[in-house]
Amino acid sequence: MLCVTISLPSSRKKQGKGQGALAPAALEVIRMWSLPAALSLLLLLLLQAPPCSLQSPNPAKLRLVGPGSRPEEGRLEVLHQGQWGTVCDDDFALQEATVACRQLGFETALTWAHSAKYGQGEGPIWLDNVRCMGTESSLDQCRSNGWGVSDCSHSEDIGVVCHPQRHRGYLSERVSNALGPQGRRLEEVRLKPILASAKRHSLVTEGAVEVKYEGHWRQVCDQDWTRNNSKVVCGMLGFPSEAPVKSLYYRRVWNLKMKDPKSRLKGLTQKNSFWIHRVNCLGTEPHLANCQVQVAPAQDKLQPACPGGMHAVVSCVAGHKESRAEQELKVRLRSGAQVGEGRVEVLMNHQWGTVCDHGWNLISASIVCRQLGFGSAQEALFGAQLGQGLGPIHLSEVRCRGSERTLSDCPSLEGSQNGCKHENDAAVRCNIPDMGFKNQVRLAGGRNPQEGVVEVQVEVNGVRRWGAVCSDHWGLTEAMVACRQLGLGFANHAIKDTWYWQGTPGATDVVMSGVRCSGTELALQQCQRHGPVLCSHGSGRSSAGVSCTDSAPDLVMNAQLVQETAYLEDRPLSQLYCAHEENCLSRSADHMDWPYGYRRLLRFSSQIYNLGRADFRPKTGRHSWIWHQCHRHYHSIEVFTHYDLLTLNGSKVAEGHKASFCLEDTHCPPGLQKRYACANFGEQGVTVGCWDTYRHDIDCQWVDITDVGPGNYIFQVVVNPQFEVAESDFSNNMMRCHCKYDGHRVWLHNCHTGDSYRANSELSLEQERLRNNFI
C-alpha cells in the first residue's frame, strides 16, 4: 500500500473523523483535467483524506516504559527503523489502548493516560493521530499520520494501563507436542501397569509406555530403548527420575501372553498401527516429541514395526531419594496457584533471591522441577508472570545443559551484572504426577465454576459415595486445600452457610466432618478428620463451601525496619485511655490507679508489603466495618496483626495487637498509582507492589512490657494471624527477632520473616508451636 503523508500546520492539525477515501468519480475528474490543475485538486483531496495505515509484514514492536514496578502500565513506545520512539496522545482512546495491550500480550486495556503521565520520552515521536477500529492485531495496522509525521512534543506522550492478565502462553516457552514438520502431535503419554501389584496403586510408576498419537493410543517398541528415553517419559508424567527395569522378567511375561491362544495381543502386535517404531532421546528433552521419533519404518511401510520386540517398559521414581527439606533449602517456588508452579527462588549466601529471566528456558526450568521432586517443566515463564520477588536477584543467564542435578550446577551470571529487575523474575510450571485427587472433589450450585458447595468422594461401609463436608471448624486453611485439589488455585472465601446453593441431588448428606488441615495437603482426604461423622447441624444447608481464585495477595513484613526503629517509652496513663479501650495494654493496666502512673511500651514501626498477584482487601465491605468512637475511625479487620514477646522456649510474656483501622497504600513505587486511602471513609486495601506503614508513634503500635523483667526474649509479629483474608503464602506472615532487655534499654537483632533461611536454621522453635500460643 502506498501511504502518502502530508504534515499540516498546527492550526489545521485535527481533521474530522469519518471522512472517506478518494471516490472513483473524483479520480475520473482528475484524469480529465490539465496536469497542473489535476495536481492541485489531488493535493486538496489528500488534505481531506483520513490518516493512512502502516501495515507491514512484521508488526512494529511495542514496549511500556516507566518508573513503576508493574509490567502492565507505562509510557507506550514503538520500535521503528531500529529506534524506539513515543506515540502522541492526540485522538488516542480506549480502542487504541486495547490494540496496543493485546499486541503486548495482555487480555485488554483498562485505561489510557495522556500528557506524559509516565514521564516524557526521548527520541522521535513516531505516531500521531492513531485511530483504530479495535480489531487490529498490531498498532501499525491502525490509521495514523504516518511514521514520524507529528506536531506533538514529548509532553503529549501517551501511556496505557493494561489488564494484568496475559494471554495464555505469552512471554513463556511452552512444551510443543508437534512431531516433525508435518505438525502431527504426540498428545499424551501414560504407563499401562502390567504387574498385579502396580494395578492396585492409584499412582502408576511402572508399566508399558503408551503414546496417544493422532487420537489413538499406541505402544512403543523396546528396540534401542534407553534410560534417556525413560527419563523423558518419567519427566512428562511428573516424576523426577527413572529406575532400572527387570527386563528379563517382563520378557517372560510378554512371551507367555504371545503364546496364550486367548490373548488378543499377538494379533494386535502384527499391525503397524499398534506401534511407535523407534524413539531416541538425549534425556534432556521436556517432551517425547522433541526426541527423534519414528512412527513407522522409513524404508518399507509393510515391514513390521517391531519385529521380535516387545513394548517398552519404564519404571519411574516418585519424589526424592534425599530429604525434601534438604532440597528446599536450595530452591523453592513461590506464588503459584497450583502445585508445581511458581516464581523460582534460590538460596545463596544465606538469603533467598530470585532468578532473572534472561536466557531462561525449558531445559533450565526442568532442572528446577526435578530438583524439587516434580517431573520436567511444561512451561518456562518470563516477565514476573507469577509475581515479583523481594530482595536480591541471585542468578541471570542460567544455561543448563539438562544433565545437572541442581540449578547451582548450571553456568550462570550474577543477577546484578546485566541490569535485571524483579519485573524480569523467572517462573516455572512443572509436570506433576496424577494422584487422582481431582476426581475425588467437586463443587455444586455456584454461580460460576470457581465456587459452590464442596462435595467429596469417600468410602462409606466399603462403598465409595459422594457427599457434603460439615462446616464446623471449616476455615480458610481447609478451603485452600479444597481449591488446590480442584485445580482452581487459591481460596478466596471459606463459606460456612451454603443454604443459597443447591447441592447435587443424592449427595447432600454429610460424609466428612471435623476437617482440620495444615494447609500443605494436596487433598481434603489427607487432612485430619473425624472417624464417624459428627456434625452439629446435621446435613443440608450448612455444608462447607468455597470460592476460589487464580491469584491472591501475599503480605510480608519489613523485618529490617522493625529492627531499626524499636525503642522504649514510659507513657503516662493519662494519654492511654483510647488504647486501653481498644485492649492495647496488658491486663494489669485494669488494676492501676488511673490516670496516675505509666506503662512501659516497646514501640516500633511496621511496614507491610504486598508481594502477591492480587490486592489485599478486607474480608467484609464497608457496611460491616466497626466504628471506634475514641479514636474516631473504622476497623476494617478487627485483628490485623499480633505483637508478642516470648521466652526462648516459646511461652508468651507480653502481647499486643493491631486492628486495621487504616489499611491503605502508604507508599507505592514511582509510576504505580495508590488505589486505597482511608480518608473520607474511602476503600481500604494494599495494592500489589505497595506498602502499608504504621509509624511507631501511633496508638497500639507497641507491646506493653511493663510486667516483663530483664532477660533475653523473642519478639514476634504475625500479620493476618487469624487467616481472615486469603494469601498465596502464609509462611512469610510471621516475623521474629532476638530481643535483649536489661530493664532500661532494649535491643532487637537478627530480625527475619518466617520463610527466611535464618528462620529455618537459627531458631530451634517450631513455627506451629509458636502459632498455637496465640490461637
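## Charges over rings

A charge is said to sit over a ring if NZ of Lys or CZ of Arg is within 6 Å of the ring centre and within 35 degrees of the ring normal. In this predicted model, the charged end of Arg332 meets that description with respect to Trp352, sitting over the ring at 4.1 Å from its centre. Arg190 is placed in a comparable role over the ring of Trp217, where its charged end lies 3.8 Å from the ring centre.

## Salt bridges in the N-terminal strands

Side chains of opposite charge can pair when their charged atoms come close. The structure holds 29 salt bridges, and one of them joins the side chains of Glu77 and Arg63, with a distance of 2.8 Å from N to O. This pair links distant parts of the chain, since Glu77 belongs to strand E3 (residues 73-80) and Arg63 to strand E2 (residues 62-65), 14 residues apart. Glu77 has a relative accessible area of 4% and is therefore buried, whereas Arg63, at 33%, is partly exposed.

The bridge between Glu77 and Arg63 does not stand alone, for Arg63, Arg75 and Glu77 are linked in a network of salt bridges.

## Salt bridges between loops and strands

A further salt bridge is formed by the side chains of Asp91 and Arg131, at 3.3 Å from N to O. Here both partners lie in loops: Asp91 in the one between strand E4 (83-87) and helix H3 (94-103), and Arg131 in the one between strand E6 (125-127) and strand E7 (143-144), so that the pair links parts of the chain 40 residues apart. Asp91 counts as partly exposed at 21% relative accessibility, while Arg131, with a relative accessible area of 17%, is buried; the two values fall on either side of the 20% cut-off below which a residue is called buried.

Arg599 and Asp707 also form a salt bridge, and their closest N and O atoms are 3.8 Å apart. Arg599 is in strand E34 (residues 598-603), and Asp707 is in the loop between strand E41 (702-704) and strand E42 (711-719), which places the partners 108 residues apart. The two ends of this bridge contrast in their surroundings, because Arg599 counts as buried at 1% relative accessibility and Asp707 counts as exposed at 53%.

## Aromatic pairs

A pair of aromatic rings is described by the distance of the centres and the angle of the planes. The count comes to 13 aromatic pairs, including the tilted pair of Trp254 and Trp275, whose rings lie 6.3 Å apart from centre to centre with 50 degrees between the planes. Trp254 lies in helix H6 (residues 247-259) and Trp275 in strand E15 (residues 275-276), so the pair links distant parts of the chain, 21 residues apart. Both Trp254 and Trp275 are buried, and together with Phe274 they form one aromatic cluster.

Tyr609 and Trp691 make up another tilted pair, with ring centres 4.5 Å apart and planes at 40 degrees. Because Tyr609 lies in strand E35 (residues 606-610) and Trp691 in strand E40 (residues 691-694), this pair ties together parts that are 82 residues apart in sequence. Tyr609 is buried, as is Trp691.

Key:
Residues are numbered from 1 along each chain as its sequence is written. This is a predicted model: local features need pLDDT of at least 70, side-chain atom pairs count only at pLDDT 80 or more; totals for chains, interfaces and linings use all residues. Side-chain values use heavy atoms; hydrogens and water are left out. A salt bridge is a side-chain nitrogen of Lys or Arg within 4 Å of a carboxyl oxygen of Asp or Glu. Helices (H or I, at least four residues) and strands (E, at least two) are DSSP runs, numbered from the N terminus. Buried means under 20% relative accessible area, exposed over 50%, partly exposed in between (1.4 Å probe, protein chains only). Rings of Phe, Tyr and Trp (its six-membered ring) pair if their centres lie within 6.5 Å; planes under 30 degrees apart count as stacked, over 60 as edge-to-face and the rest as tilted.
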